[in-house]
Amino acid sequence: MTTVSTQNTPTGATTDTAAPLVELADVGKRYGNIIALREVTMTVDAGKVTCVLGDNGAGKSTLIKIIAGLHQHTDGTLRVGGEETTFTSPRQALDAGIATVYQDLAVVPLMPVWRNFFLGSELTTGFGPFKRLDVARMKETTKAELADMGIDLRDVDQPIGTLSGGERQCVAIARAVHFGAKVLILDEPTAALGVKQSGVVLRYILQAKERGLGVVFITHNPHHAYPVGDRFLLLKRGRSIGYYEKKDILLGDLTAQMAGGAELEELTHELEQLGGHTSQMQQVQAGMAESQARPRA
Amino acid sequence: MTSTRTPAAAPAPDRGSSGAPSTPTAAAPADERIQTKGLLGTFLARPEIGALVGAIVVALFFAVAAPSITQAQSISTVLYGASTIGIMVVGVSLLMIGGEFDLSTGVAVITSALAASMFSWFFAVNVWVGVGIALLTSLAIGLINGWLLMRTKLPSFIVTLSTFLMLTGLNLALTRLIGGSVSSPSISTMDGFASAKAIFASSVTIAGVNVRITVFYWIALVAVATFILLKTRIGNWIFAVGGDENAARAVGVPVAKTKIGLFMGVGLCGWLLGMHNLFAFDSVQSGEGVGNEFLYIIGAVIGGCLLTGGFGSAIGGALGALIFGIASRGIVYAEWNPDWFKFFLGLMLLLATIVNMYVRKRVERK
């Protein structure tokens, strides 16, 4: 456990004068003799989006679970606001201003939007046995907060399960922002979404960033990460294989690094051999380029 | 019924591709995308709907088949029958909304009654002491059920099936060991019996009709449970732990405490019913109660509580218990063979579950 601070700054990344919101230095996690994560270093600053990229099994989930307080790291140091910390429960992380929006367990589908929005932090009025939910205020706040994030909801009384995947993610993001999150961890928010819905979510990520939050955006899609990210941490098989400032890397390099350039080339050859639908492939690529350009507009 | 509209299947015309939130300007109060739900839509999405329709159908059916059931005194008898089930259904409904169920309830009621009578009799103390011991016993059973569940992470089916069997055995064995018989000794001559009987097993005459006190307890419990469910933080947590335990935990809901509390709530209801069973007479048969747990679960399921949790209401459970009361007495008033009752109950359960499934699909539809 080192307490060195300057030495840990990654290649090309410059730390601000103030302590970063969250800082990981050589963090690792072992489950018995299985090493899920090792020597990961990254920083999350206010108003910056740090993207964590990696394929399945790269250790992305383990990483966010450590920051979110679901798991504890076994090596290295985790500093929150400059202080060394180990979270023992999600509640602790929440209290420290770190909110996590999980891909699949962000909300309770059968409950109305407003109940989900305030779940765990409900507003009440009255005292003692007559303490009751302040339903009117919660509904108003939910509506206002969502409108503030640019989410226009038909009816906050509808079960959240009736919303589209993108809308649900956005409600969860708005919830985290409302409850004073300083750091927002988004676990593959675009993984299950279509092109348009992904764009919507990416726009909210930028909105959260503009509000001064530090965002950790976990994804396996470099096309989603590149337009919104300020820094990129690449993970592979539990290790960091690169940590870049945006100015130091291009989308193509990012994609190549992630997939492992050689493997990708091989795949391209394989596909060509299979059918050689090159014109179709070009169409698909053009579509992808268009989709990633849209959220920035 | 001052309830917020629970999951209402709002017709959402532009869901999907164009349904993305985009322009904040359209947040005007009259949103063109909200169709007026209409009474029918709101009505159909309530968890109680299956039970309400069922109760009306069953009531009409027996009003025709056995006209004497519509007399005031008969209605009071029906309500009494419903209340002896309904008191437990309140606790079981909340538990089921919280995503768990309890097979030990039937015998736990008897355990509570036995604890009160045996303790008072053995130590020759005022029966109110026994009543207090019974309350602690019932709450402890709930605590143990809940704690075991959270600790072992086994399904509640297994955990409560174990406690069901253990309690069945304990009821028989301890009663014989202490009292030397299969029923608890009579406590009718002991101190405090009269006052306890007045509290737990008396009846009130209203406009010439004799109404058993359990009916009032039942109604009060339903009202309190409805308030808790819809208007308190704990109610919000109950829906959440039943709907998605992991999501609830992730936003800081105390899942274990909520679930253990629900099991203890079932214990509290069991204590109340146990005391009624004891003081309505003066002793309890130690082998009773087996099978009643299913009646409570059936009441909750007919009442619209999802077996998988996260959806339901206390009022629905009360309607489920009412259907039970009407059917069980109606068959007697119609002078039919009571053998038909179980068949009837099974049919009701099947129909109610189908209706509820349909409702949930509407609600969950994306």
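The following legends accompany close-up views of chain B in a predicted model.

**View 1. Helix α4 of chain B packs against helix α12 of chain B.** Helix α4, which spans residues 105-123, and helix α12, which spans residues 292-302, have axes 6 Å apart that meet at an angle of about 120°. Because an angle of this value falls outside the ranges for roughly parallel, roughly antiparallel and roughly perpendicular pairs, α4(B) is described as oblique to α12(B). On the side of α4(B), the contact is formed by B:Thr105, B:Gly106, B:Val107 and B:Val109, and these residues meet B:Asn292, B:Glu293 and B:Tyr296 of α12(B). Sorted by class, the residues of this contact comprise three nonpolar, three polar and one charged.

**View 2. B:Thr105 and its neighbours are shown in helix α4 of chain B.** With a relative accessibility of 2%, B:Thr105 is buried, since the term applies to residues under 20%. Leaving aside residues up to four places away in sequence, B:Thr105 touches B:Met88, B:Val92 and B:Val266, and also B:Glu293 and B:Tyr296, two residues that belong to the α12(B) side of the contact in the previous view.

**View 3. B:Ser117 is another residue of helix α4 of chain B.** The relative accessible area of B:Ser117 is 0%, so this residue is likewise buried. Apart from residues up to four places away in sequence, the residues that B:Ser117 touches are B:Ser184, B:Ile187 and B:Leu278.

**View 4. The largest pocket is lined by 30 residues.** This pocket has a volume of about 640 Å³, and the lining residues that lie nearest its centre are B:Thr84, B:Ile85, B:Asn277, B:Asn292 and B:Leu295. Several helices of chain B, namely α3 (72-97), α4, α11 (255-280), α12, α13 (314-333) and α14 (340-364), each supply at least two residues of the lining, and the largest share, five residues, comes from α12(B). The lining of the largest pocket consists of 16 nonpolar, eleven polar and three charged residues.

**View 5. Helix α8 of chain B packs against helix α9 of chain B.** Here helix α8 (residues 213-231) and helix α9 (residues 233-243) lie with their axes 5 Å apart and at an angle of about 75°, which makes α8(B) roughly perpendicular to α9(B). From α8(B), the contact involves B:Ile228, B:Leu229 and B:Leu230, while α9(B) brings B:Ile234, B:Gly235, B:Asn236, B:Ile238 and B:Phe239. The contact of α8(B) with α9(B) holds six nonpolar and two polar residues, and no charged residues.

Methods
Residues numbered from 1 in each chain as written. Chains lettered and ligands numbered in written order. Predicted model: local features only at pLDDT ≥ 70, side-chain atom pairs only at ≥ 80, totals over all residues. Heavy atoms only, no water. Axes fitted to C-alpha atoms, helices over the stretch in contact; angles between N-to-C directions. Helix = DSSP H or I, 4+ residues; strand = E, 2+ residues; numbered from the N terminus. Parallel < 35°, antiparallel > 145°, perpendicular 65-115°, else oblique. Contact = heavy atoms within 4.5 Å. Nonpolar A, V, L, I, M, F, W, Y, C, P; charged D, E, K, R; others polar. 1 Å grid on protein atoms, 1.4 Å probe; cavity = no way out; pocket = protein on both sides within 12 Å on 5 of 7 lines; lining within 4 Å. Points joined across faces, edges and corners; volume = space filled by probe spheres on them. Buried < 20%, exposed > 50% of the residue type's maximum accessible area, 1.4 Å probe, protein only.
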